[in-house]
Amino acid sequence: MTTPLALSDDTILLLGQFADTLDQQRPDAEMREEIRLARALVFAEQLHGPTEAAFDAEQDLLAAAPRVRHGQTRGEYAALLRLVARGVSAG
């Protein structure tokens, strides 16, 4: 897993929101890459509206949020997002 060198405040906030949602909604279900992609857009637009700032926030979130591994649960992925938000990375 690699993350940007410095995460913006927006990215840290969005990682937390993403993790909270996954923990609250079916944490034992399998996480899918499609969810990662869709949620990045939804959370960015909730924060900024349909603007260029939302596009930038979405791209930053996708860069920070690692790709989903086969068999990974939503809860496991949420824990991973929290680690990324704290600056933990493995490359």
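Two residues are in contact here when they have heavy atoms within 4.5 Å of each other. Keep that in mind as we walk through this structure, which is a predicted model.

Let's start with Leu81, which you'll find in helix 4, the stretch covering residues 74–85. Its relative accessibility is 0%, so Leu81 counts as buried. And what surrounds it? If you ignore its neighbours within four places in sequence, Leu81 is in contact with Leu15, Phe18, Ala19, Leu22, Ala65 and Pro66. Val68 makes a handy landmark too: Leu81 and Val68 sit 13 residues apart along the sequence, and their C-alpha atoms are 11 Å apart in space.

Now turn to the way the helices pack. Helix 1 spans residues 9–24 and helix 2 spans residues 33–48; their axes come within 10 Å and cross at roughly 125°. Helix 1 and helix 2 are therefore oblique to each other, and their crossing is right-handed. On the helix 1 side, the contact is made by Asp10, Leu13, Leu14, Gln17, Phe18, Thr21 and Leu22. Helix 2 answers with Ile35, Arg36, Arg39, Phe43, Ala44, Leu47 and His48. Sort the residues of this contact by class and you get eight nonpolar, three polar and three charged ones.

Helix 1 has another partner: helix 3, residues 52–64. The axes of these two come within 9 Å and cross at roughly 65°. That angle makes helix 1 roughly perpendicular to helix 3. The crossing of helix 1 and helix 3 is right-handed. Look for Thr11, Leu14 and Leu15 in helix 1, which meet Ala57, Asp60, Leu61 and Ala64 in helix 3. The class breakdown for this contact is five nonpolar, one polar and one charged.

Back to helix 2, where three residues are worth a visit. Take Arg36, whose place is in helix 2. Is Arg36 buried or exposed? With a relative accessibility of 6%, Arg36 counts as buried, because the cut-off for that is under 20%. What does the side chain of Arg36 reach? It gets to the backbone oxygen of Leu62, at 3.0 Å. Leaving out residues up to four places away in sequence, Arg36 touches Phe18, Met31, Leu62, Ala65, Pro66, Arg67, Val68 and Tyr77.

Glu33 is also in helix 2. At 16% relative accessibility, Glu33 counts as buried. Not counting residues up to four places away in sequence, Glu33 touches Arg67 and Val68. With Arg67 there is something extra to spot: a polar contact of 3.4 Å joins the side chains of Glu33 and Arg67. Arg67 and Val68 may ring a bell, since Arg36 touches them as well.

The last stop is Leu41, which lies in helix 2 too. Leu41 has a relative accessible area of 36%, so it is partly exposed. How far apart are Leu41 and Ala57 in sequence and in space? They are 16 residues apart along the chain, and 8.5 Å apart from C-alpha to C-alpha. You have already met Ala57 in helix 3, where it is part of the contact with helix 1.

Notes
Residues are numbered from 1 along each chain as its sequence is written. This is a predicted model: local features need pLDDT of at least 70, side-chain atom pairs count only at pLDDT 80 or more; totals for chains, interfaces and linings use all residues. Side-chain values use heavy atoms; hydrogens and water are left out. Axes are lines fitted to C-alpha atoms, for helices over the stretch in contact, and angles run from 0 to 180 degrees between N-to-C directions. Helices (H or I, at least four residues) and strands (E, at least two) are DSSP runs, numbered from the N terminus. Angles under 35 degrees count as roughly parallel, over 145 as roughly antiparallel, 65 to 115 as roughly perpendicular and the rest as oblique. A crossing is left-handed if the near helix is turned anticlockwise from the far one by less than a right angle, and right-handed if clockwise. Ala, Val, Leu, Ile, Met, Phe, Trp, Tyr, Cys and Pro count as nonpolar, Asp, Glu, Lys and Arg as charged, and the others, Gly among them, as polar. Buried means under 20% relative accessible area, exposed over 50%, partly exposed in between (1.4 Å probe, protein chains only). A polar contact is a pair of N or O atoms within 3.5 Å; within protein, one must be able to donate a hydrogen and the other to accept it, and residues adjacent in sequence count only if both atoms are side-chain atoms.
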